[in-house]
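Work through the exercises below with the sequence and the model side by side. Each task is followed by a solution in steps.

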Amino acid sequence: MRYLVISDIHGNFPAMQTVLHDAPAFDAIWCLGDLVGYGPNPNQCIQQLQEFPHICVAGNHDWGVIGRADVFVFNHAARQALQWTQRELSLESRQYLAELSTTVSVEDYLLVHGSPREPIWEYLLDSEHAAVNFMDMDFRVALVGHTHIPIVFEWVEETQSAQILLPDWQTPLSLEGRRLIINPGSVGQPRDGNPHAAYAILDTEMQTFEFRRVPYPVEITQERMRARGLPVRLIDRLEMGR
Ligand code: ZN
């Protein structure tokens, strides 16, 4: 099977559409949470995802918008966007988000938003935190989002530690015989200094993971955010990828 792996769409429908057009053939979508929050088109993103065979797990913003997480744990701009999203969200979208699991396993792949041990909240940004997850939790390949930064952590048995591998945009990563935590990056709000939408293709037969990047019309998303009165800081950051 070939999966389109996406995360942190955050209501950015132009970015999501661009990814769907750019992606090579796939059988189903695996979405790692944060469908909403920040962006101008939460309902459209949820509807679009439902048109494909897919699995989606819940993210912290998905929980924030349905009231399962306190909006006051989010920073000011994120909270304003969440409160706007709460008003905007249709009943169907709200129900869809409310039914999302925090953790899904498919064969030896684990899908979570944050981390295997803290699926909603933990940010995996360094090898120390990744190592604890490899030691405490039983999985072979975990797919995570949440940080909006494409990255790979690999478990090194000899040293009982995790090492960081930066994504190779030219060559698919081989997954064979390795324990890994992989973040495909964010579709709708990249934070690694590159504003292009990030996504990946996972081929479970070939055992490969291909990181991909595609430019999308950022200005269309920004225009829609302005029209909806979303915070300026969130509008500006999209073109910087920060
Ligand atoms: Zn996010």
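**Exercise 1: a hairpin and its neighbours**

Task: find the residue with a positive phi in the hairpin of strand 4 and strand 5, and then trace the pairing of strand 5.

Solution. Step 1. The hairpin of strand 4 and strand 5 has two residues between the strands, and Glu107 takes a positive phi near 50° there. Helices and strands here are DSSP runs (H or I of at least four residues for helices, E of at least two for strands), numbered from the N terminus. This is a predicted model, in which local features need pLDDT of at least 70 and side-chain atom pairs count only at pLDDT 80 or more, while totals for chains, interfaces and linings use all residues. Residues are numbered from 1 along each chain as its sequence is written, and side-chain values use heavy atoms, with hydrogens and water left out.

Step 2. Strand 4 (residues 103-106) and strand 5 run antiparallel and are joined by four bridges; two strands pair if DSSP finds at least two bridges between them. Ser105 is opposite Leu110 of strand 5.

Step 3. Strand 5 also pairs with strand 6, in the parallel sense and over three bridges. Here Leu110 has Ala142 of strand 6 as its bridge partner.

Step 4. In a regular strand, side chains alternate between the two faces of the sheet. In strand 5, Tyr109 and Leu111 lie on one side and Leu110 and Val112 on the other, and all are buried (buried means under 20% relative accessible area, exposed over 50%, partly exposed in between, with a 1.4 Å probe and protein chains only).

**Exercise 2: strand 10**

Task: which strands pair with strand 10, and in what sense?

Solution. Step 1. Strand 6 runs parallel to strand 10 and is joined to it by three bridges. Leu143 stands opposite Ile182 in this pairing.

Step 2. Strand 7 pairs with strand 10 in the antiparallel sense, over four bridges. Glu154 is opposite Leu180.

Step 3. Leu180 and Ile182 point one way from strand 10 (residues 180-183), Ile181 and Asn183 point the other way, and all are buried.

**Exercise 3: the open sheet**

Task: give the strand order of the six-stranded open sheet and identify its edges.

Solution. Step 1. The order of the six strands is 3-2-1-11-12-9, with mixed pairing. Strand 3 (54-56) and strand 9 (173-174) each have a single partner strand, so one side of each lacks a neighbour in the sheet.

Step 2. At one edge, strand 9 is joined by two bridges to strand 12 (residues 208-214), and the two run antiparallel. Leu173 has Phe209 of strand 12 as its bridge partner.

Step 3. Helix 1 (residues 13-22) packs on the sheet and touches strand 1 (2-6), strand 2 (28-31), strand 11 (197-203) and strand 12, its direction making about 125° with that of strand 12. Contact means heavy atoms within 4.5 Å. Angles run from 0 to 180 degrees between N-to-C directions, with axes fitted to C-alpha atoms, for helices over the stretch in contact.

Step 4. Helix 2 (residues 42-50) packs on the sheet as well, touching strand 1, strand 2 and strand 3, at about 135° to the direction of strand 3. Its buried residues are Pro42, Asn43, Cys45, Ile46, Gln48 and Leu49. Their cover includes helix 4 (76-88) and helix 5 (91-98).

**Exercise 4: the zinc site**

Task: which residues coordinate the zinc ion, and where do Asp8 and His148 lie?

Solution. Step 1. The donors are Asp8 (OD), His10 (NE2), Asp34 (OD) and His148 (NE2), at 2.1 to 2.4 Å. Donors are N, O and S atoms within 2.8 Å of the metal (3.2 Å for Na, K and Ca); water is not among the atoms, so sites may look incomplete.

Step 2. Angles among the four donor atoms are 85 to 177°, and the site is irregular. Four donors count as tetrahedral if all angles lie between 85 and 135 degrees; four count as square planar and six as octahedral if opposite donors are over 155 degrees apart and all others between 65 and 115; anything else is irregular.

Step 3. The spacing of the donor residues in sequence is D-x1-H-x23-D-x113-H. Asp8 lies in the loop between strand 1 and helix 1, and His148 in the loop between strand 6 (141-143) and strand 7 (151-156), so the pair ties together parts 140 residues apart in sequence.

Step 4. Asp8 is buried, at a relative accessible area of 0%, and His148 is buried at 2%.
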